[in-house]
Amino acid sequence: MSRTNYQLVEDKELKDAELLILLILGKAGGRISMLHLQKIFFTLWKFHPQVRRLVDFVPHLRGPYSSDLDDIVKNPTYVVDCWEYIPPKKGSEAERVKGGYLEITEKGEEIYRKIVDGLNKKARGDEDALALISAVDLIVSLYTRLEWDELLLLLYTDENIKEYSEKSELSRDIIKNSGKIVDRLIKKGIIPEEKRESLMKRIKSARWIM
Amino acid sequence: MNSEDSVVSDSSFYIAFLSPHEIDDPDALVEILKKYEFFLGKVVLGEISEKHSNIVDNIGFKNMVKILKRYDYSSLLSIFGSKVFEKGEYECMAIAYFLYRKKSGLHSLILDDKSARRWVNKNIPELSKFVRYSLRFLVNCCCSDGKLSEEKVNAILNKVVLAIRMGKRPFNLTERNIYVVDQLLNEVDGCQN
């Protein structure tokens, strides 16, 4: 591939990453924490081979993290003026962990609706588009029901992605409060009451974060 | 077969037919697989092949189902399901959602585990109306869809009863579930197909 073609591919991938951020943000109701956005994007990255080409993820202080994604969110190139990044408020631990928020703009809402329409039309004959929009529909509403510590507890103790959680700085605090967090997850119906023991066992056996 | 015949199931449904320790009736499974389009992910296929690779090869199982390899469906619900449910269970929930979004693509999501079924009802309510127990699916094959004969479904249900009486656990059923199978036998006898 020539240098120009490489550039075209890179440009397309950057644009696709920005459109996917807007799709997640719109599906989340127009406001999402950076923490939630990173983890949702990571799950889609694990799921879909085309998302895998857009950014890289590495193990980091709060589990899987993409510096590419962080940069794209704060300095979009193609999908401009579609969201505003709100930095975290000082003084609150929870707000620091959440890493600030993205808020959709009026222009962003308009483009979001166009992306959804376009993807739904494309999905009729394109399996990749169908898989992507189905996955976004399925997981964004589930992930955004989780508080930051609920999300991190479930993520850190998932054995299938343990290599991304080994460097986590918050795991000790999260594990210390796991009883209360599990209570909340059960109350929300995210974990069935009869599976409390299974989840507690999973937490205790998550040696990679100890 | 049309697009509304798509079925997703966890491994317990297939294994019950394939295993000599359950109802041991691979021919019945072949007949069912020919009537619907069954979709499987890598995890469920692995669970079935792990213990039954010979019979899976002998009946040509992989040619009769649609195996979805391009996407890692189990990763979508992994943070909720890991060590809480079976991996194959949360993989097939995600596949079922994909088929549901495909518009009128999904016929049934077969799940026998009560907690997994409750989880779907609570967290993915769009799928609730598609969730079936294995035996309910079989009865519907006859009574609602007319795709299996009354004799065939009766024969399968009688094998289930026999297996339970021999101390086996087909479709995770035990002695205390026999009355349910009896009710289903009556239902099949009374249905018009």
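Biologist: Why is Lys147(B) called partly exposed?

Modeller: This is a predicted model, and in it Lys147(B) has a relative accessible area of 23%. Buried means under 20% and exposed means over 50%. A value of 23% fits neither label, so Lys147(B) goes in between, as partly exposed.

Biologist: And Asp5(B), is that one buried or exposed?

Modeller: Asp5(B) comes out at 8%. The cut-off for buried is under 20%, so Asp5(B) gets the label buried.

Biologist: What makes Asp5(B) and Lys147(B) a salt bridge?

Modeller: Look at the gap: their closest N and O atoms are 2.9 Å apart. The rule asks for a Lys or Arg side-chain nitrogen within 4 Å of an Asp or Glu carboxyl oxygen, so this pair passes. Asp5(B) sits in the segment before strand 1 of chain B, while Lys147(B) is in the loop between helix 8 (134-143) and helix 9 (150-165), so the bridge ties together parts 142 residues apart in sequence.

Biologist: How do you know that Glu13(A) and Arg53(A) form a salt bridge too?

Modeller: Same kind of check. Their closest N and O atoms are 3.7 Å apart, and the limit is within 4 Å, so they count. Glu13(A) is part of helix 1 (residues 3-27) of chain A, and Arg53(A) is in the loop between helix 3 (49-52) and strand 2 (58-60), so parts 40 residues apart in sequence get tied together.

Biologist: What labels do Glu13(A) and Arg53(A) get for accessibility?

Modeller: Opposite ones! Glu13(A) has 17%, which is under 20%, so it's buried. Arg53(A) has 54%, which is over 50%, so it's exposed.

Biologist: How many salt bridges are there over all chains?

Modeller: The search of the whole structure turns up 22. Some link up further: Asp149(A), Glu150(A), Arg184(A) and Lys188(A) belong to one salt-bridge network.

Biologist: Why do you say that Arg118(B) and Glu194(A) join two chains?

Modeller: Their side chains meet in a salt bridge, 2.6 Å from N to O. Arg118(B) is in helix 7 (residues 114-123) of chain B, but Glu194(A) is in the loop between helix 10 (178-188) and helix 11 (196-204) of chain A, so the pair joins two chains. Arg118(B) has a relative accessible area of 46% and Glu194(A) has 37%, and both values fall between the 20% and 50% cut-offs, so each is partly exposed.

Biologist: How many salt bridges cross the interface of chain A and chain B?

Modeller: Four, by the rule. Another such pair between the chains is Arg101(B) with Asp137(A), whose closest N and O atoms are 2.7 Å apart. The interface also has 21 residue pairs in polar contact. On the chain A side, the helices that each supply at least two residues include helix 2 (34-47), helix 7 (127-143) and helix 8 (148-156). Helix 7 of chain A gives the most, with 12 residues.

Biologist: What area do chain A and chain B bury between them?

Modeller: About 3000 Å², with 59% of it on carbon and sulfur atoms. The contact takes 39 residues from chain A and 28 from chain B.

Biologist: Why is helix 8 of chain B called largely enclosed?

Modeller: Count the labels: nine of its 10 residues are buried, so the rest of the structure largely encloses it. Among the buried ones are Phe137(B), Leu138(B) and Cys141(B).

Biologist: What makes the phi of Phe171(B) worth a note?

Modeller: Its phi is near 50°, a positive value in a residue other than glycine. Phe171(B) lies in the loop between helix 9 and helix 10 (178-190) of chain B. Its accessibility is 3%, under the 20% limit, so it is buried. Lys83(B) also has a positive phi, near 60°. Lys83(B) is in the loop between helix 5 (78-81) and helix 6 (87-101) of chain B, and its 45% makes it partly exposed.

Biologist: Last one: why are strand 3 and strand 5 of chain B called edge strands?

Modeller: The open sheet of chain B has five strands in the order 3-2-1-4-5, with parallel pairing. Strand 3 (66-68) and strand 5 (131-132) each pair on one side only. Strand 1 (residues 6-9) is joined to strand 4 (residues 106-110) by four bridges. Two strands need at least two bridges to pair, so strand 1 and strand 4 qualify.

Note on methods: Residues numbered from 1 in each chain as written. Chains lettered and ligands numbered in written order. Predicted model: local features only at pLDDT ≥ 70, side-chain atom pairs only at ≥ 80, totals over all residues. Heavy atoms only, no water. Buried < 20%, exposed > 50% of the residue type's maximum accessible area, 1.4 Å probe, protein only. Contact = heavy atoms within 4.5 Å. Buried area = accessible area lost by both parts, 1.4 Å probe. Polar contact = N/O pair within 3.5 Å; in protein donor to acceptor, adjacent residues only side chain to side chain.
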